[in-house]
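Let's walk through a protein model together, one question at a time. Have the sequence and the 3D view ready, and try each question yourself before reading on.

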Amino acid sequence: MYTFNREEYNKRMEWYLDARFGMFIHWGLYSIPARGEWVRSEEEITREDYMKYFEEFDPVDYDPKKWARAAKEAGMKYVVLTAKHHDGFCLFDSQYTDFKSTNTKCGRDLVREYVDAVRAEGLKVGIYFTIIDWYHDDYPHYGDRQHPMRNNPAYKNDGRNFDNYLTYMHNQIREICTNYGKIDILWFDFSYDDLRGEAWRATELMDMVRSLQPEVIIDNRLECSGEGYGSLAACKPTPYHGDFVSPEQMIPPNGIQDVEGNDIAWEACVTMNNHWGYCATDHLYKPAPMLIKKLVECVSKGGNLILNVGPDVKGNIPEESMKILQEIGKWMKKNGESIYGCGKSQIAKPDYGRVTAKGNHVYFHLFENTIGPVPLLGVPKDRLKGIRYLATGAEVPVSTSWVHSDYPDIVFADLGLDPVLPDQTDTVLDVILEEEC
């Protein structure tokens, strides 16, 4: 049986904590109605009516090489694709169901092409797999909180065998762990009500996963949903503990700590607009400058950010999303050093931005300029080696102005006379300290 080992855990988490930034991809049949990935549940669509999308599915523009390239150029280090979402449709060639991409007009194992493309770009491969299923006959229908047929008495649960469903689900996860080479992240979704932990035969499941993919990193949703921390945070890790906590559509106010007060790994999963799956009428996209600042915020609190795209049914990432990714990538090319391998600093958050840190480098992220020279509160004068603009490497002098003579113990950076920052989204100062003895 798998048991938690801190040394092994720290080793497998090294690349993930260094990466800090990833891409989520929600894509499937729901891209055809184009009203979000929960459309079947929200509109209580019967399985029979939903099948028209299965018959129609033919993503003629699907080219995961373009997706992987877009992720890499945005500065992302890993990608996670929905191999199966709650509607039960599989983007991979599972031998346990006919409800899969190889049985549609496209006739392709889309996960196979995805993992090959992501690896070719040198990115880490992640696969999302939901543990709930609105298609399978043995999954609870009537009365379930989320099933599309929850309110339809014609779909009562008499004769449904949940254990049969669990065997099916475990078998499909075995396929994912066996047929696609090394998987770097398994992103399970999600537990709710009484369906948590051992309700999924989770110890058995994790024994299988860890035996087939010993280095895989797994989220905490065999125990939780987007809320809740899980057993690792409780300092009582179960065999099916999550390797990281997965807050959804929010950034924790103070990062996340376990019950003993120690920082633990977490990843904020965030949409660009207000849907995970493609929604044709949702144009409420978060601007790239906002998302850059939110990435910085996550890292400054010791967390990762996984940012979602929802391709359309033909397989194209929406133009709005591509423009945002390109703008983020332009900033990351110049400032990624303040993100990768960085985390929390002992220096408190300044009024004008955020702080990330790595080794003897402290990165001050200036979201707005100050009146007069910039105070670098918390920087020890006796250890200061130099200040540079991270984007260009240009030296930033230490200010000797009389205006801050009342604060002799504080280091001030002299950015010159121009009140407008070089990068109005986030100008990063690399504050280099002498190594401590």
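**Cavities and charged pairs**

Q: Which classes of residue make up the lining of the second largest cavity, and how many of each are there?
A: A quick reminder before we start: this is a predicted model. The residues lining the second largest cavity include Tyr9, Leu232, Asp243 and Ile264. Sorted by class, this lining has eight nonpolar, one polar and one charged residues.

Q: How much space lies in the second largest cavity?
A: Rolling a probe the size of a water molecule over the atoms shows where empty space is left. The structure holds two cavities of 30 Å³ or more. For the second largest cavity, the space comes to about 30 Å³.

Q: What is the volume of the largest cavity?
A: Look for Asn273, His275, Tyr285, Val309 and Gly310, the lining residues nearest the centre of the largest cavity. The volume of this cavity is about 80 Å³.

Q: How many charged residues are in the lining of the largest cavity?
A: The largest cavity is lined by 13 residues. Seven of the lining residues are nonpolar and six are polar. The number of charged residues in this lining is therefore none.

Q: How many salt bridges does the count come to?
A: Side chains of opposite charge can pair when their charged atoms come close. A salt bridge here needs a side-chain nitrogen of Lys or Arg within 4 Å of a carboxyl oxygen of Asp or Glu. By this rule, the count is 22.

Q: How many residues apart are glutamate 121 and arginine 69?
A: These two side chains form a salt bridge, with their closest N and O atoms 3.8 Å apart. Glutamate 121 sits in the loop between helix 5 and strand 3, while arginine 69 belongs to helix 4, so the pair links distant parts of the chain. Along the chain, the two are 52 residues apart.

Q: Is lysine 84 buried or exposed?
A: Lysine 84 meets aspartate 133 in a salt bridge of 2.8 Å, N to O. This pair links strand 2, where lysine 84 lies, to the loop between strand 3 and helix 6, where aspartate 133 lies. Aspartate 133 has a relative accessible area of 1% and is buried. With a relative accessible area of 0%, lysine 84 is likewise under the 20% cut-off, so the word for it is buried.

Q: Which residue, arginine 221 or glutamate 248, counts as buried?
A: The two form a salt bridge, their closest N and O atoms being 3.0 Å apart. Both lie in the loop between strand 5 and strand 6, so the pair ties together parts that are 27 residues apart in sequence. Glutamate 248 is partly exposed, at 32% relative accessible area. At 2% relative accessibility, the buried partner is arginine 221.

Q: Which residues are joined into one network by salt bridges that share partners?
A: When salt bridges have partners in common, they can be followed from one residue to the next. Here, the residues joined into one network are Lys294, Glu297, Lys301 and Arg354.

Q: Which side chain does a polar contact of 2.8 Å join to histidine 404?
A: Histidine 404 is in the loop between strand 11 and strand 12, and it counts as buried at 10% relative accessibility. Leaving out residues up to four places away in sequence, histidine 404 touches Pro373, Ser399 and Phe412. The side chain joined to histidine 404 by the polar contact of 2.8 Å is that of serine 399.

Definitions and conventions
Residues are numbered from 1 along each chain as its sequence is written. This is a predicted model: local features need pLDDT of at least 70, side-chain atom pairs count only at pLDDT 80 or more; totals for chains, interfaces and linings use all residues. Side-chain values use heavy atoms; hydrogens and water are left out. On a 1 Å grid over the protein atoms alone, a cavity is a set of points where a 1.4 Å probe fits but cannot get out, and a pocket is an open set with protein on both sides within 12 Å along at least five of seven lines; lining residues have an atom within 4 Å of a point. Grid points are joined across faces, edges and corners, and a volume is the space filled by probe spheres set on the points. Helices (H or I, at least four residues) and strands (E, at least two) are DSSP runs, numbered from the N terminus. Buried means under 20% relative accessible area, exposed over 50%, partly exposed in between (1.4 Å probe, protein chains only). A polar contact is a pair of N or O atoms within 3.5 Å; within protein, one must be able to donate a hydrogen and the other to accept it, and residues adjacent in sequence count only if both atoms are side-chain atoms. Contact means heavy atoms within 4.5 Å.
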